[in-house]
Amino acid sequence: MTPNPWHTPQATKPVDSDVTIPGSKSLTNRELVLSAIASSPSTICGALSARDTRLMVDALRSLGAQVETGADNWAIAPMPSVSGSTPISIECGLAGTVMRFTPALAARCSRPVRLTADSQANARPMAGLLKALRSIGVIITHESSETFPLTVQGPARVRGPISLDASASSQYLSALLLVAPLLDSDREFIEIELDGALPSRPHVEMTLAALRLRGAQAAWTGERTLRVKRGDISGRDAVIEPDLSNAGPFLAAAAVTGGHVRIPYWPLKTTQAGNEWLPILRQMGADVNLVPQGTVYGTLCLRAGELQGFNGDMSQVGELVPTLAAICAFATTPSTITGIGHLRGHETDRLKAIATELAKLGVNVEEGADYLKIDGTNGWLENHDEPVFLHSYADHRMATFGAIIGLRAPQIYVDDVATVAKTMPDFVNLWTKMLELNV
């Protein structure tokens with residue numbers, strides 16, 4: 001437990017607020033990588049400045065890219081060819097995109113690249129990606145029995161289809177797709193064949209869309225096969241959408257307090273997983289409407305109804321599950337969330353973390369291999385009158401999980417709310433402002 005746990009604020013009445021969400025981490029880091037390996041400079045407008053994106057910026061700078069991060073626009077000059085014998089050092093923190101995308105970038109270099117990470121990163125799966133990189137000639141060495149530190153040295157050369165088991169993380173596939181146009185090969189196309197189920201497909205669609213916007217030919221050729229044409233990646237002026245997954249806690253605030261929230265600049269068309277909040281919250285009884293404000297963005301308006309439980313497969317949008325689980329704890333009927341076994345390899349074992357923290361509150365919860373059953377209809381809120389300290393597990397989504405619980409449950413403390421800086425550094429201020437508007 002940290003010395004000064006955060007006492008989460010309780011809502012004194014239904015939330016009624018407008019909340020502007022910062023840029024998407026997933027889009028920011030994809031655009032940063034593509035800008036760094038493009039054939040000409042790029043700018044990124046609306047990029048997210050958070051720990052995960054700063055780690056990516058530092059990694060790309062170490063590889064030779066020039067990245068200038070301003071208040072509104074970031075300017076990126078592509079990295080040169082990387083050669084030499086002295087290892088380049090890169091810190092990955094606990095950022096999944098950095099620890100998966102950077103080895104693929106390093107596969108193009110003849111110079112060794114040494115990757116370090118937070119100790120908790122060793123619990124995050126990497127094997128499928130590393131096996132695929134080794135299959136195309138990349139040398140990967142570990143300094144101990146743990147994953148990190150590891151050293152990656154290319155250059156890779158592709159002689160046939162790349163077999164990839166991405167069942168543990170769709171980021172493996174995105175990592176290969178991002179660099180595929182520039183991989184050395186005597187083939188016109190780089191082909192990737194999937195071995196195993198693919199979770200979080202919307203993130204792969206995001207990667208494919210980002211490649212196409214830069215002139216790359218990248219597409220599915222079958223249920224389990226993809227093809228990318230080799231060639232240059234163009235520089236471009238990219239605009240980053242708000243992070244729709246990070247909008248989840250604010251939508252949840254309205255849902256669990258019986259309130260109303262409005263989120264501007266919601267894209268009318270998007271590949272983000274967070275767009276699934278619309279059908280999810282409608283299923284749970286909320287009135288959710290996306291009101292166009294032009295041809296690109298709209299305002300998402302959520303007005304709470306009687307909060308029903310959720311029953312469904314979340315395998316493709318698993319990042320939403322901690323927030324969804326917090327909402328389910330207040331539902332008037334039980335919930336069953338399935339298809340989420342891969343969440344055990346995220347920042348923490350999220351299934352175990354959610355079950356453990358809900359059990360502290362007296363919520364009936366059943367944790368299966370790839371499912372959670374949550375039943376908050378046992379009067380846990382009324383029976384709760386002692387301080388409860390919720391653990392964040394160095395996981396930003398578990399910290400915001402605690403914030404949602406604290407809206408209605410008294411005396412809730414989160415041990416390390418600072419971990420939200422990973423993707424939303426201003427979360428506490430946004431959360432507090434939302435509630436102050438209701439006073």
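These legends accompany close-up views of a predicted model.

**View 1. Helix α1 and helix α2 pack on an open sheet of 4 strands.**
The strand order is β4-β5-β3-β16, and the pairing is mixed. Strands β4 (66-69) and β16 (237-239) form the edges, each pairing on one side only. Neighbouring strands are turned by 15° against each other on average, direction ignored. Helix α1 (residues 25-36) touches β3, β4, β5 (73-77) and β16. The direction of α1 makes about 35° with that of β5. Helix α2 (residues 51-62) touches β4 and β5. The direction of α2 makes about 145° with that of β4.

**View 2. Strand β3 pairs with β16 in parallel.**
Strand β3 covers residues 42-45, and 3 bridges join it to β16. Isoleucine 44 stands opposite alanine 238 in β16.

**View 3. Helices α4 and α5 pack at an angle of about 35°.**
Helix α4 spans residues 127-135, and helix α5 spans residues 171-179. Their axes lie 9 Å apart. The crossing is right-handed. From α4, the contact draws on Ala127, Gly128, Leu129, Ala132 and Leu133. Tyr172, Ala175 and Leu176 meet them from α5. By class, the contact has 7 nonpolar residues, 1 polar residue and no charged ones.

**View 4. Aspartate 370 sits in the loop between β22 and β23.**
Strand β22 covers 364-367, and β23 covers 371-375. Aspartate 370 is partly exposed, with a relative accessible area of 38%. Leaving aside neighbours within four places in sequence, aspartate 370 contacts Ile337, Thr338, Gly339, Ile340, Gly341 and Leu351. Alanine 77 is 293 residues away from aspartate 370 along the chain, and their C-alpha atoms are separated by 43 Å.

Key:
Residues numbered from 1 in each chain as written. Predicted model: local features only at pLDDT ≥ 70, side-chain atom pairs only at ≥ 80, totals over all residues. Heavy atoms only, no water. Axes fitted to C-alpha atoms, helices over the stretch in contact; angles between N-to-C directions. Helix = DSSP H or I, 4+ residues; strand = E, 2+ residues; numbered from the N terminus. Left-handed = near helix turned anticlockwise from the far one by under 90°. Contact = heavy atoms within 4.5 Å. Nonpolar A, V, L, I, M, F, W, Y, C, P; charged D, E, K, R; others polar. Buried < 20%, exposed > 50% of the residue type's maximum accessible area, 1.4 Å probe, protein only. Pairing = 2+ DSSP bridges.
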